[in-house]
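Me: I am new to this structure and would be grateful for a close look at a single part of it. Please take the place where two of the chains meet, and describe the partners on either side.

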Amino acid sequence: MIGLSHYLIVSAIIFSIGLIGVLRRRNLLMLFFATEIMLNAVNIAFAAISHYYNDLTGQMFAFFIIAIAASEVAVGLGILIVLYKKHGSLDLDDLASMRG
Amino acid sequence: MFENFITSLMTVEGFAFYLFSFLTIGLFSVTVMSKNILYSMTSLAAAMVLVSGFFFLLGADFLGVIQIIVYVGAVIALYAFAMMFFDATRDIKEKNTNSFVVFLLGGMSALVLVLMFAAPIHSNDIQALYPMTEGVGNAQDVGMVLFTKYLVPFEVAAVMLLVAMIAGIILAGKKMNHSITENMEIDNDAKDEIMIQKDKE
Amino acid sequence: MENLVYIALFAPFAGSLFASLFGMKEREIFVGVVASILIFISFLASALLAANLYMTGEVIHVRMMDWIAVGDFNVGFGFVVDHISVTMMSVVTLVSTVVHIYAIGYMDHDRSFNRFFSYLSAFVFSMMILVMSDNFLGLFIGWEGVGVCSWLLVGFWYHKEDKPKEENPSISPSWAANEAFIMNRIADLGMLIGIFILYWNTGSLRYDEVFAQLPYLSETVLAGAAIALFIGAMGKSAQFPLHTWLTDAMEGPTPVSALIHAATMVTAGVFLVVRSNPLYAMPEVSGVSMFIASLGTFVAFYAASMALVERDLKRIIAYSTLSQLGYMFAAAGLGAYWIALFHLAAHAFFKALLFLGGGNVMHAMNDELDLFKMGNLKKEMRATWLYMGFASIALAGLPPLAGFWSKDAIIETAFNEQTYILWFMLVVTAGMTAFYSFRQVFLSFHGEDRHTPLGFHPHEMYTFALVAMFPLAVLALITGWFMSAYKVFIYHIGESVQYEMSEHTHHLAIYLGLLVIFIVLASIAYAYMKYARTGDKAWKRDEAKEQGFFYKLLKNQYYVPKFYEEFITKPYSMISEKFWTGVDLKIVDATVDNIAKFFYTTGDKTRSMQTGNLSNYLNWMAVGGVILLAVAAVSAIFM
Amino acid sequence: MENILSILVFFPAVAGLLGFVVTKESIRAYGIAVTLVVFLLTLWLWFSFDMNNPGIQFVEMIPLIPDFGISYYLGADGISLFIIVMTALMTLIGMASMGETKNIKNMIISLLFLEMTMIGVFVALDAIIFYLFWELSLVPMLYIIGAWGGPLRVYASIKFFLYTFTGSLLMLVGMLFMAYIYHNLTGVWSFAVTDWYALVLPVDYQIWLFAAFFIGFAIKVPMFPFHTWIPYAHGQAPTIGSVILAAILLKMGTYGFVRFSLPLFPDASVMAITPIAVLSLIMVVYTAMIAYAQKDMKQVIAYSSVSHMGIIMLGLFAMNAEGLGGSIFQMLSHGIVSGALFMLVGMIYDRRHTKLLSEFGGLASVMPKFAIIFGVMLMASVGLPLTIGFVGEFLVLLGFYKVSPMITIIAGTSIILGAVYMLRVMKLAFFGPLNNEANQKLKDLNARETWSLVPLVAIVIWLGVYPKPVLEPINNSVNALLAFMDEKAITKEAKDMIHVSNSFESGRPTLSIAGGK
């Protein structure tokens, strides 16, 4: 029977796929995709916990995460556009102006 | 371990769970691995739909719907526009970082997380803060809690979305009147000078 | 009587202050005269006090003001005029008066004439404090004050530059002054420890209170205090290990040598031992007293041996002082404190006379002191010749003069105490003393006239200086006769000072005396044969003998100064240099700077992490995340 | 007047502020006037000080942050009285003897601020106020060394600042922990030292707290391993900076020991006697030897002041009235003597612009007044009886002899080694022929220099001959402190090590070291 740990394992795997995406991608847009994946993984975990503990707070969190993710994407893409106009490319290596 | 895997496959929701999880993992890895931005975006959208499948499986139907509408609908749509904006037809040239480091890190974190979650959860009597009431639809339940206990966060989220919207518009809206892709060849700074002279005349 | 004590004490101080007013001005005769008069007043006061004490026998005890009062420690400036201090006071002030008057003549060509008198009077003031104080701390004030004044006076001609050791064994006046001061400080540390021992065990430092407590103290405490105080005495009276500074102190002007390094300062050590005679007379401390006696005898012999070959006039007299000090310590060590004190007084007179005579010779031969360059000076300097001859006879110890009575008594004490080795050494030293003192007289005044070919034309000293020396000659003659009267006078102070020869020695006294006189006369005759003859049998300097082992050994003072140089001064400066460059800069300072550098370099290295490239940051973030996860997992397992 | 101590602390600061409006020409006169007023105020303080009350007087208490127990709490007792007077005196004389320095206005103003912080440290009885002034005193000194110093001044000032600052941070941690314990035991917050006095701590707490305070004070003293900032600070500081640094700033460290470490942690202090004695021995002998190897005149005096501080540290841990009283008196004597010596070196530096001993020789014949004053100061520094230097050194060695004779004998060598390096300086600089032609036309001390040194010479001789007026209040307070420590000590060996002088035992006033609260 599918237990809570199954769901958590699945969300862990998805989360680490997102992580790999974040680390691997050079293109900023693809980076956004990866973050989306990670957020989804967390949502799954929240939903699973809320289901198995019969408690709505999990879902509440999931809702607010979705809200945040939406606004984050909006603002993120806005910034991306400005970046693109300025640098002409979305590649991370060219955007290394904030050097230490 | 293997036989109860088979038996759970027999049950409907067990099968659905494994189907969904297998598909989402596959699709998500496609978004992460693919060279072509189009493929990755579409696989992302598909995977998100399947994630909403999970929600339905877990009885969080309202959440599933929201997932589809907001996430898949809005977010992916935004990405689509954005992709269009960045002429994503060109294959993204990837200076792939030493993938060994990436996979090592990703793999390590996956391994640790899995091990942690795999361990038997010995939760001692965590009692639910807002217990789900039986016999009533999930949406009504969520609505009850959302608009009583979580009202303030809800309003704050609303304001946040508004701010995000305005920010998105302003950031993207600047200098909408000329298109980047046409005169890509002129150096960007030169463009700015031209613009400045134009404004002055 | 109170104000007589203060007059005796503060008259020299007033003289010194008065002279210091003109310190930087040109020579003023009246400064010298005023200073001498004030010293003379102090002498008169001391003589009156002595007479009063002789008549009434009541000791005057004056407490001027309290000085340091912390916790249980309460010490003040108190002055006592008892038999011991009054003897010292009169000896010191008398010799100082003579020396002051003499110095007016001697220093008349010196540019900083006034400054000299201020230092000399300050010296006499410190000596008076040392002698008159009623507690050990007051003694210590005088002790250090005398040390500083000797530093000032020995280094008086500070403008002379350092000469290599071969040319001038004491390098330069300022070097000699520093050596004297530092060596005295080494001994003063011993004295300080003695004072601490006495304070913590008796609760006070006043003589009467300390000596009253002595019977109740443990043996180790008594021995410790005795040894510590004797170390102080050793430094000041230049006994064996700390003696090299005395001969180098001859760099100072001759009146200084006469006053400080013959009569007063160097005898301070003997005074200390005599002053604390109850301590040294204790049975528990007999070992220390025996050590003092044997050290004294050794120093007497040791100094006399070095004087045999010395060419420098003043250094010979310095060695003879050292030798006579050895005698005094021998007497004090054997318990005959009053004989030591009496010899101290007698010695002060004829040794000062000898030194002043030497001063005349030095003045006449414009500062040339090498005996080999003099000879037959008696025809130009008849008076000085008489004075020095007379003083040498007293020094050698022939009957009518003072030297015989006091020195013979010491030799008798050595015999009486059955310490026959000491007795024998003292007798031999008496012979050697006679030989080297008359060698000096014959070499400079008799024999071939070696100085005229070298272009010296000596002239006699000013008459008033010679007249000033006359009282010393008289005293050198008559002091011996008052020995028994003095014995009665000094016995009043307490029975620990008293010392009587046993019946047995009384019978042999005459033979002992004759034996010593015979040896002395034999040595004088031998010296005459060797140095005083003229014509073909005149003394000629033969280089070969000078290369002899013993001659060179004695010439280099048994290589003790070289030993100090090689094994103390050089290693000290080398170690301190090593400490500074090695330890301080390289180790302690370097550690501090390295700690600072460590933070700087780590900061510098981590700077490379800030590449500005987003993915690097993400990687680092991921690494951090993984580590935290691992830690969480591990701690979850263990908790 | 009622709150004399606050006036004493804040008058120089306010005057410093007003200094900005004073014109450049008359700033020197203004500075001297202000420091003179402060000095007169301290004399008035000494005059109205009740000699036989060992407790704390002139107490002022205004709660600043009541719920944390931090209050503006000032007071002075026999121990701190004379250090305050000396602070005012040395600042006045230092300023009076200052030659023409560039932008003198800033110098005068920073000096006045420095004076405020220094007096603040010695009057503060609240740990936080003490800490505040302790840190503040670093800033003007950093500025003085950094702006007017020699070639390496920036390195020296930063090293000085950071070194002392890190030490005092540890001290702050100790203070906070102490307040925390006080809060646990009494339930109320308080940083007032007199409240802390009433606290009897278990021995291991005492050890840790003692260590924390020790680091802060040891760097300031400076004790052996932490002393390497002093040669740089003195080497690069201008004359006035060196004078104030040597005369007063070093005393803060030892004062801290007397005010905090000894009364608060008696048992830990007794346990610390041997390690500190060993450290002080190293300080005394090691730095005396280094002073002998120095080529630069000012470095010799810098290292000599470390050696003297070693003697003071020894006296502090002698645990008897003689040793403690001696070490407090030695603080005053070292302040005056080393202050004067630095001024003298400064004066010869103004003339020849070099401090190397090899450059000098035979100065006595061309500058007799200078040589005489240097001679007097040399004798005081070497500890000649009837000078101020002897009283302190003698009492310290006397006091520590009771603790351990062996260590005292080794520490006693300080009078020999002291004589060795000081006489070497005297011989190299003043005696010998005048062959360096630059020295031939040197002028002797002018009126300003002479009249700034003469008071110091007078004090050196006066306090050497008649130290009673200064020693008496010190004696009372030290006896009270030792009686208090003896009563408060828990461990047995602490009880019999602390030796309360029996003259105090008999006439024991009510033990009110806290004095009039």
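**Where chain B meets chain A**

Reply: Confidence should be considered at the outset, since the model is predicted. In chain B, the lowest confidence falls in helix α8 (residues 188-200), with a mean of 57, whereas helix α7 (residues 151-173) has the highest, at 89. Over chain B the average pLDDT is 78, and 75% of the residues score at least 70.

The meeting place itself brings 73 residues of chain B into contact with 64 residues of chain A. On the side of chain B that touches chain A, at least two residues each are supplied by α2 (12-33), α3 (37-57), α4 (61-85), α5 (99-118), α6 (138-148) and α7 of chain B. Among these helices, α5(B) gives the largest share, eleven residues. Sorted by class, this side of chain B consists of 52 nonpolar, 16 polar and five charged residues.

The partner, chain A, contains three helices and zero strands, and its elements follow the order α-α-α from the N terminus. Its C-alpha trace spans about 50 × 25 × 25 Å along the principal axes. The radius of gyration of chain A is 17 Å, while a compact globule of 100 residues would have one near 13 Å. Of the 100 residues of chain A, 61% count as buried. Within chain A, contacts between residues at least 6 apart in sequence include 46% that join residues at least 24 apart.

Methods. Residues are numbered from 1 along each chain as its sequence is written. Chains are lettered from A and ligands numbered from 1 in the order in which they are written. This is a predicted model: local features need pLDDT of at least 70, side-chain atom pairs count only at pLDDT 80 or more; totals for chains, interfaces and linings use all residues. pLDDT is the predictor's confidence in each residue, from 0 to 100. Helices (H or I, at least four residues) and strands (E, at least two) are DSSP runs, numbered from the N terminus. Two residues are in contact if their C-beta atoms, placed from the backbone, lie within 7 Å. Ala, Val, Leu, Ile, Met, Phe, Trp, Tyr, Cys and Pro count as nonpolar, Asp, Glu, Lys and Arg as charged, and the others, Gly among them, as polar. The radius of gyration is taken over C-alpha atoms; the globule rule is 2.2 Å times the number of residues to the power 0.38. A residue is buried if 20 or more other C-beta atoms lie within 10 Å of its own, exposed if 12 or fewer, and partly exposed in between; C-beta atoms are placed from the backbone.
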